[in-house]
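Colleague: Got a minute to walk me through this one? I'd like the main points in plain words.

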Amino acid sequence: MSAAYFITGTDTDIGKTTVAAGLLHAARLAGLSTAAGKPVASGCDVTPKGLRNADALALMAQCSLPLTYAQVNPMAFEPAIAPHLAAREAGVALTVQSLLAPMRQLLDLQADFTLIEGAGGWRVPLADQDNLSDLAMALDLPVILVVGVRLGCINHALLTAEAIARDGLQLAGWVANIIDSKTARVEENLATLAERIPAPCLGRVPKLKMVTAEAVAEHLQLDLLD
Ligand SMILES: Nc1ncnc2c1ncn2[C@@H]1O[C@H](COP(=O)(O)OP(=O)(O)OP(=O)(O)O)[C@@H](O)[C@H]1O
Ligand SMILES: [Mg+2]
């Protein structure tokens, strides 16, 4: 088998990388080979080897294929700001076209299970009129939506699911990531999400004290993906 998914979320900082690392780990436990991409990352550290992004490194740590940093994260920017602004400041043309070739190369490696993590939410601008969602469309990837569960997430989740459908992509599944353990009526909120999101819930990740891919994987059901 060779399956690949685009990971999006209801917002920035709601657990896309955390869940992606958990899914990749679950895939490895199931004996699958894994690969991952973070096509564009802002908020990178300056290192002797070049710019490095924590998301890309966390994903790489769960990849069984031997990948170079540039294969995983071809576009890296230092400031932790919206990617299109970071690219503009760096004088770099951040178009779908610029991300398409490196992500196609990654997918061509045909790992059993590949994840490509977006940045922020679904409709994140690149350069010109391009959005990161256009990359998911150009790659024709099914999408996994990470819902950062907190007050307001139902609206964000449903709008995102609607946009994915309108863009002609399949929503393959969603994950409830309980980022705010004080969220009131969690059960009722999750029931509403389950009723209204037209895709299977791949798991509910509780607020963890130790956030590791191993711990996250225990809460995810990879076999619910097509
Ligand atoms: N279930 C959880 N329990 C505890 N902490 C979590 C959980 N999920 C995410 N976090 C923490 O929340 C922060 C944001 O998570 P993460 O980096 O996965 O978000 P993201 O959506 O990938 O962000 P970005 O938009 O920057 O890519 C991290 O510090 C992570 O450890
Ligand atoms: Mg991330």
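Modeller: Here is a short tour, starting with the ground rules.

Modeller: This is a predicted model, so local features need pLDDT of at least 70 and side-chain atom pairs count only at pLDDT 80 or more, while totals for chains, interfaces and linings use all residues. Residues are numbered from 1 along each chain as its sequence is written, chains are lettered from A and ligands numbered from 1 in the order in which they are written, and side-chain values use heavy atoms, with hydrogens and water left out.

Colleague: Fine. What coordinates the magnesium ion (ligand 2)?

Modeller: Thr17 through OG1, Asp55 through OD and Glu117 through OE, at 2.0 to 2.2 Å. Donors here are N, O and S atoms within 2.8 Å of the metal (3.2 Å for Na, K and Ca), and water is not among the atoms, so sites may look incomplete.

Colleague: And what spacing do those donors follow along the chain?

Modeller: T-x37-D-x61-E. The pair of Thr17 in helix 1 (residues 16-29) and Glu117 in strand 7 (residues 113-117) links distant parts of the chain, 100 residues apart. Helices (H or I, at least four residues) and strands (E, at least two) are DSSP runs, numbered from the N terminus.

Colleague: Are Thr17 and Glu117 buried or exposed?

Modeller: Both are buried. Buried is under 20% relative accessible area, exposed is over 50% and partly exposed is in between, with a 1.4 Å probe and protein chains only.

Colleague: Switching to pockets. What volume does the largest pocket have?

Modeller: About 560 Å³. Of its 29 lining residues, Thr12, Asp13, Ile14, Lys16 and Asp55 are the closest to the centre. On a 1 Å grid over the protein atoms alone, a pocket is an open set of points where a 1.4 Å probe fits, with protein on both sides within 12 Å along at least five of seven lines, and lining residues have an atom within 4 Å of a point. Grid points are joined across faces, edges and corners, and the volume is the space filled by probe spheres set on them.

Colleague: Which element gives the most to that lining?

Modeller: Helix 1, with three residues. The lining divides into 14 nonpolar, nine polar and six charged residues.

Colleague: Now Leu99. Where is it found?

Modeller: In helix 5 (residues 96-108). Leu99 is buried, with a relative accessible area of 0%. Leaving aside neighbours within four places in sequence, its contacts (heavy atoms within 4.5 Å) include Pro39, Val40, Met75 and Leu126.

Colleague: What about Thr95, buried or exposed?

Modeller: Buried, at 18% relative accessible area. Thr95 lies in the loop between helix 4 (83-90) and helix 5, and with the same neighbours set aside it is in contact with Leu126, Ala127, Asp128 and Asp130.

Colleague: Why is Val211 called exposed?

Modeller: Because its relative accessible area is 52%. Val211 lies in the loop between strand 10 (201-205) and helix 9 (213-217). Beyond four places in sequence, Val211 is in contact with Thr18 and Val216.

Colleague: Last one: what covers the buried residues of helix 7?

Modeller: The cover includes strand 1 (3-9), strand 8 (143-148), strand 9 (171-177) and helix 8 (186-196). Among the buried residues of helix 7 are Cys153, Ala157 and Leu158. Helix 7 is followed by Gly168, whose phi is positive, near 85 degrees.

Technical notes. Ala, Val, Leu, Ile, Met, Phe, Trp, Tyr, Cys and Pro count as nonpolar, Asp, Glu, Lys and Arg as charged, and the others, Gly among them, as polar.
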